[in-house]
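Visitor: I would like to know how the labels on a protein model are earned. Could you take me through some?

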Amino acid sequence: FSDAGSVGWYDLVILAAPLQQSGISFLARSHHDSAVLVPLALGGRGGGGDAKPLPSSAERRYTQVVTTVISGGELQPERFGLDSVEDAPRSMLFTNVGREAEGGLTTVTRLTSDGTYKTFSSEPLTHET
């Protein structure tokens, strides 16, 4: 429902967002009066004693992942303890300690031989990263 009224009925809605951070309220018809909508109890959240449990995926902590594609970049091998770019593997994965040391980088993957890389990190990259 919206300010404009009903937006329609659906058999299935797929929510591609972290449920616990979406701010979405789910409504259901009242058992007492079908013309009244009440908050749908999910996993003990919201009204009513007949709460349905949330799937375990809804209880997981949300983790932000930032994807950056770099074109025409030059890998600095010494930064990663390598002697030359040729020594670098196609992908480098970082441990928790490595992430902290490398400004939140989780993965660096070489996509092409001409300097195109894809990174995953917990924060947007800076020019220093």
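Guide: Here is a short round of questions, each settled by setting a value against a cut-off. Keep in mind that this is a predicted model.

Visitor: What is the overall layout of the chain?
Guide: The chain has two helices and six strands. Along the sequence they run α-β-β-β-β-α-β-β. Of the 129 residues, 18% are buried. The accessible surface is about 9,900 Å², and carbon and sulfur atoms hold 54% of that.

Visitor: Why is Ser121 called buried?
Guide: Buried means under 20% relative accessible area. Ser121 has 1%, so Ser121 counts as buried. The residue sits in strand β6.

Visitor: What surrounds Ser121?
Guide: Beyond its neighbours within four places in sequence, Ser121 contacts Gln64, Val65, Val66, Gly104, Leu105 and Thr106. Its side chain also reaches the backbone oxygen of Glu123 at 2.6 Å.

Visitor: How do you know whether Thr107 is buried or exposed?
Guide: Use the cut-off again. Thr107 has a relative accessible area of 11%, which is under 20%, so Thr107 is buried. Thr107 belongs to strand β5. Leaving out residues up to four places away, Thr107 touches Met92, Leu93, Phe94, Lys118, Thr119 and Phe120.

Visitor: What makes the pair Arg79 and Glu102 a salt bridge?
Guide: A salt bridge needs a side-chain nitrogen of Lys or Arg within 4 Å of a carboxyl oxygen of Asp or Glu. Here the N to O distance is 2.7 Å. That is within 4 Å, so the pair qualifies. The pair links distant parts of the chain, 23 residues apart. Arg79 lies in the loop between β3 and β4, and Glu102 in the loop between α2 and β5. The structure holds one salt bridge. In general, side chains of opposite charge can pair when their charged atoms come close.

Visitor: Why do Arg79 and Glu102 get separate burial labels?
Guide: Glu102 is at 10%, under the 20% limit, so Glu102 is buried. Arg79 is at 30%, between 20% and 50%, so Arg79 is partly exposed.

Visitor: How do you know that Thr116 makes a polar contact with Thr112?
Guide: The limit is 3.5 Å between N or O atoms. The two side chains meet at 3.2 Å, so the distance passes. Thr116 sits in the loop between β5 and β6. At 15%, Thr116 falls under 20% and therefore counts as buried. Thr116 and Ile70 are 46 residues apart in sequence, yet 5.4 Å apart in space, C-alpha to C-alpha.

Visitor: What makes up the largest nonpolar core?
Guide: Seven residues: Leu75, Ala88, Met92, Phe94, Leu105, Val108 and Tyr117. They count as a core because they are buried nonpolar residues joined through side-chain atoms within 4.5 Å. Take Met92: setting aside neighbours within four places, its contacts include Leu75 and Val108. In soluble globular proteins, nonpolar side chains tend to be buried together.

Visitor: Why can Leu15 belong to a surface patch?
Guide: A patch residue needs over 30% relative accessible area. Leu15 has 36%, so Leu15 passes that cut-off. Leu15 is found in the segment before α1. Together with Ile24, Phe26 and Leu40, Leu15 makes a nonpolar patch of about 300 Å².

Note on methods
Residues numbered from 1 in each chain as written. Predicted model: local features only at pLDDT ≥ 70, side-chain atom pairs only at ≥ 80, totals over all residues. Heavy atoms only, no water. Patch = residues over 30% accessible without salt bridge, like charges linked within 9 Å, V, L, I, M, F, W, Y side chains within 5 Å. Areas by Shrake-Rupley, 256 points an atom, 1.4 Å probe, with all protein chains shown as cover. Helix = DSSP H or I, 4+ residues; strand = E, 2+ residues; numbered from the N terminus. Buried < 20%, exposed > 50% of the residue type's maximum accessible area, 1.4 Å probe, protein only. Polar contact = N/O pair within 3.5 Å; in protein donor to acceptor, adjacent residues only side chain to side chain. Contact = heavy atoms within 4.5 Å.
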